[in-house]
Amino acid sequence: MNRIKIFLSRYWPTLIVIGIILYATLSSNPTGDVSIEIPHLDKLIHAIMMGGLVGAIAFDYKRAERRRQLTFRFMCTVAVYVMVACIADELAQAYLTDSRSGDILDLLADWAGVWIAVFAAPPAINRVLRRR
C-alpha cells in the first residue's frame, strides 16, 4: 500500500493528464456544443495531448528524482510507451465506441507530438525546476 501512496503522490499530474486524454478521445462529444471550424485542428490537438503526456511523465519523474537526469535514452523509452498507448487509444476509439473512429492520421499526429516533446520537454523542465 505504501508504494501506491508514493506513486500517487509523485505522479498525480500525469494521472490527471491521462484521465483528460481518455475523456477527450473516448467520449462521444467531449467539447459539447462548441464547434470550431479550423482545418486540421483535431490533429494539432492530438499532437498537443500526447506531447503533453510525455512532458507530464518527464516532469513528474524529474520532480520525484531530482538527482536523475532526463537523458535521451529515458525520453525515448517514455516515447515508445506513449506511442504504444496512442495505438491502443486509436484502437479503442475504433472498436469500443460508436461515435468515434480510429484514424491513422490522428495516430501520426499523436506520434509527432510525442517526438516534439522528447526534444522540447527536458530543457523546459530543467529550467522550471531550477527556479524552485
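This is a short tour of helix 4 and of the cysteines in a predicted model.

**Helix 4**

Select residues 104-130, which make up helix 4. Put a distance between the C-alpha atoms at its two ends: they are 39 Å apart. At 1.5 Å a residue, a helix of 27 residues should span 39 Å, so the distance agrees with the expected one.

Now step back to Asp-103, which caps the N-terminal end of helix 4. Show its side chain and the backbone of Leu-105; a side-chain oxygen of Asp-103 lies 3.0 Å from the backbone nitrogen of Leu-105.

Move along the helix to Ala-120, where helix 4 bends by about 40 degrees. Add Pro-122 to the selection; this proline follows the bend within four residues.

Next, colour the buried residues of helix 4, among them Leu-107, Gly-113, Val-114, Val-118, Ile-125 and Leu-129. Two aspartates, Asp-106 and Asp-110, are also on the buried list, as is Pro-122. Show helix 2 (41-64) and helix 3 (72-96) as well: the buried residues of helix 4 pack against both.

**The cysteines**

Select Cys-76 and Cys-86. How many disulfides does a search of the whole structure find? It finds 0. Cys-76 is in no disulfide, and the nearest cysteine sulfur to it, that of Cys-86, is 15 Å away. Seen from Cys-86, the closest cysteine sulfur is in Cys-76, and 15 Å is too far for a bond, because a disulfide needs the two sulfur atoms within 2.5 Å.

Finally, check the surface at each site. Cys-76 is buried, with a relative accessible area of 18%. Cys-86 is buried too, at 0%.

Conventions. Residues are numbered from 1 along each chain as its sequence is written. This is a predicted model: local features need pLDDT of at least 70, side-chain atom pairs count only at pLDDT 80 or more; totals for chains, interfaces and linings use all residues. Side-chain values use heavy atoms; hydrogens and water are left out. The expected span of a helix is 1.5 Å times one less than its number of residues. The bend at a residue is the angle between axes fitted to the seven residues ending there and the seven starting there. Buried means under 20% relative accessible area, exposed over 50%, partly exposed in between (1.4 Å probe, protein chains only). Contact means heavy atoms within 4.5 Å. A polar contact is a pair of N or O atoms within 3.5 Å; within protein, one must be able to donate a hydrogen and the other to accept it, and residues adjacent in sequence count only if both atoms are side-chain atoms.
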